[in-house]
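Hi there,

Here is the structure I promised to pass on to you. Have a look at it first, and then read on for what turned up in it.

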Amino acid sequence: MKLKFEVLKKESQTQARLGKIIYNNQEYQTPMFMPVGTQGTVKTLSPEELKAVNSGIILANTYHLWLRPGDETVKAAGGLHKFMNYDGPILTDSGGFQVFSLAKPKDISEEGVIFKNQLNGDKLLLTPEKSIAIQENLGSDIIMSFDECPPASASHEYLKQSVLRTIRWAKRGKDAFTGKNALLFGIVQGGAYADLRKLSALETVKLNFDGYSIGGVANDHESKEDMYKAFAYSTKYLPEDKLRYAMGIGEPIDIIEGVIRGVDIFDCVSPTRLARHGHALTKYGKINLKNAKYKQDFTPVDDTCDCYACQNYTKAYIKHLINSEETFGARLLSIHNIRFLTKLTEDIRLAIQEDKLLEFKDEFLQNYYGVKNEK
RNA sequence: GCGAAGUUGGUGAAGUGGUUAACACACUAGAUUGUGGCUCUAGCAUGCGUGGGUUCGAUUCCCACACUUCGCC
């Protein structure tokens, strides 16, 4: 079934929107944070645990599932939902980010991108058409166009050529898309340049996608200022009635600033990756449970949190698990960190409802970056 | 009691008559934004068993003592 989206309310002080997604007879609200499950699993969490932290859409990755187990296998299983036993909406990345992170410039051509299969060394060609076909085989609900994601530090000229190529690729992908059961998103690129974001957004919107992504952000150590410009310059030209998705964004402050600039959905590996490295997001900032000061701290990770980890376990115990490389530690912290971000978006939605998003931001920042939690 | 070998940071250990005692693990702290869980960065012995001697200079050479391990009574 196709996912439906509608905007319920616009906030009075900012560009923020409160929205609703209907999927599989379930209702979800935006702004939303989406955990990443690259290989058909949000690392260490079961689908039941995802539901328990009030997670909605999750991500999966075309490139990884294409290589293993193969999209044909997932299709034979009845699609990714059945394969991984998850009945919520699934969004798939197109492999575009892997163009950025894995391919060398010489491997990128008009036809597509040549990858070396990291598992066995095979040479593989991923094209816009192929990417869409794989995503349809996977049974994705929200499909991404295959884009080129250049570093933020790239020159204006390079970024312009990249934007134009991404638009040509978007058109090819749209033509290949069957449109049966999924939404197809176009991707806006253009770094932090107002003219390029405008060009990219307007030309992509002309192709009439079901939603729009903002790509090329949070890479290459760009400044936050540039990231926020990229948000604003992109959403300015996007239709009001379609979902807007900031790709790869997940620091709490970046989510808030994105919402303020009209972004609806965000994804990020950070809650689960930070968890595996022993870090926890808390109301009073990010803490590192590897730090010696938590050795005998028998209080919860965040005493304002309602998650399974905070309700049942202490910092000292989770620290011990992390130090001992026990996977249960990573699981507890992943549950907590994802819950922290889904709770953040719940609070953001409430603030939009009350037209108090800027006040909420100030209060959040005061707690998160202000007086450090020393106890 | 006699003989042999050996004593370097939390651990395993390298090393040299002369500025900053290698490396690894552990530990301490930091990084991580469309995920390899990989990883990366930085810190970590003012001192080389104790005392004395030789020397311009000793962790390194010599002597004594202490301790450890092994062998023999």
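Let me start with the second largest pocket, where helix H14 (327–353) and H15 each supply at least two residues of the lining. Please keep in mind throughout that this is a predicted model. H14 gives the most to that lining, with 7 residues. The volume of this second largest pocket is about 470 Å³. If you want to find it on your screen, look for Lys 283, Lys 343, Asp 347, Phe 360 and Phe 364, which lie nearest its centre among the 19 residues that line it. Sorted by class, the lining has 10 charged, 7 nonpolar and 2 polar residues.

Now for the largest pocket, which holds about 1,300 Å³ of space. Its lining is made of 46 residues, and those nearest the centre are Gly 248, Cys 268, Val 269, Ser 270 and Arg 273. Here the classes are 19 nonpolar, 14 polar and 13 charged.

Which domains does the lining of the largest pocket draw on? At least three residues come from each of domain 1 (4–268) and domain 2 (271–375). Several helices and strands supply at least two lining residues each, including strand E5 (58–61), helix H5 (96–101), helix H9 (224–235) and helix H10 (252–260). Strand E13 (265–268), helix H11 (270–276) and helix H15 (357–370) do so too. The largest share, 5 residues, comes from H11. You will remember H15 from above, as H15 also supplies at least two residues to the lining of the second largest pocket.

The last thing to show you is a sheet. As general background, strands of a sheet pair through backbone hydrogen bonds, either parallel or antiparallel. In this model, 3 strands form an open sheet in the order E1-E2-E3, with antiparallel pairing. Strand E1 (4–10) and strand E3 (26–30) are the edge strands, each pairing on one side only. From one strand to the next, the twist averages 25 degrees.

What packs on this sheet? H14 does, touching E1, E2 and E3, and its direction makes about 125 degrees with that of E2. So you meet H14 twice: the helix that packs on the sheet also gives the most to the lining of the second largest pocket.

For a closer look at the pairing, try strand E2 (residues 17–23), which pairs with E3 in the antiparallel sense over 5 bridges. Within this pair of strands, Lys 20 stands opposite Gln 29 in E3.

Happy exploring!

Key:
Residues are numbered from 1 along each chain as its sequence is written. Chains are lettered from A and ligands numbered from 1 in the order in which they are written. This is a predicted model: local features need pLDDT of at least 70, side-chain atom pairs count only at pLDDT 80 or more; totals for chains, interfaces and linings use all residues. Side-chain values use heavy atoms; hydrogens and water are left out. On a 1 Å grid over the protein atoms alone, a cavity is a set of points where a 1.4 Å probe fits but cannot get out, and a pocket is an open set with protein on both sides within 12 Å along at least five of seven lines; lining residues have an atom within 4 Å of a point. Grid points are joined across faces, edges and corners, and a volume is the space filled by probe spheres set on the points. Helices (H or I, at least four residues) and strands (E, at least two) are DSSP runs, numbered from the N terminus. Ala, Val, Leu, Ile, Met, Phe, Trp, Tyr, Cys and Pro count as nonpolar, Asp, Glu, Lys and Arg as charged, and the others, Gly among them, as polar. Domain bounds come from an automatic or database domain assignment. Two strands pair if DSSP finds at least two bridges between them. Axes are lines fitted to C-alpha atoms, for helices over the stretch in contact, and angles run from 0 to 180 degrees between N-to-C directions. Contact means heavy atoms within 4.5 Å.
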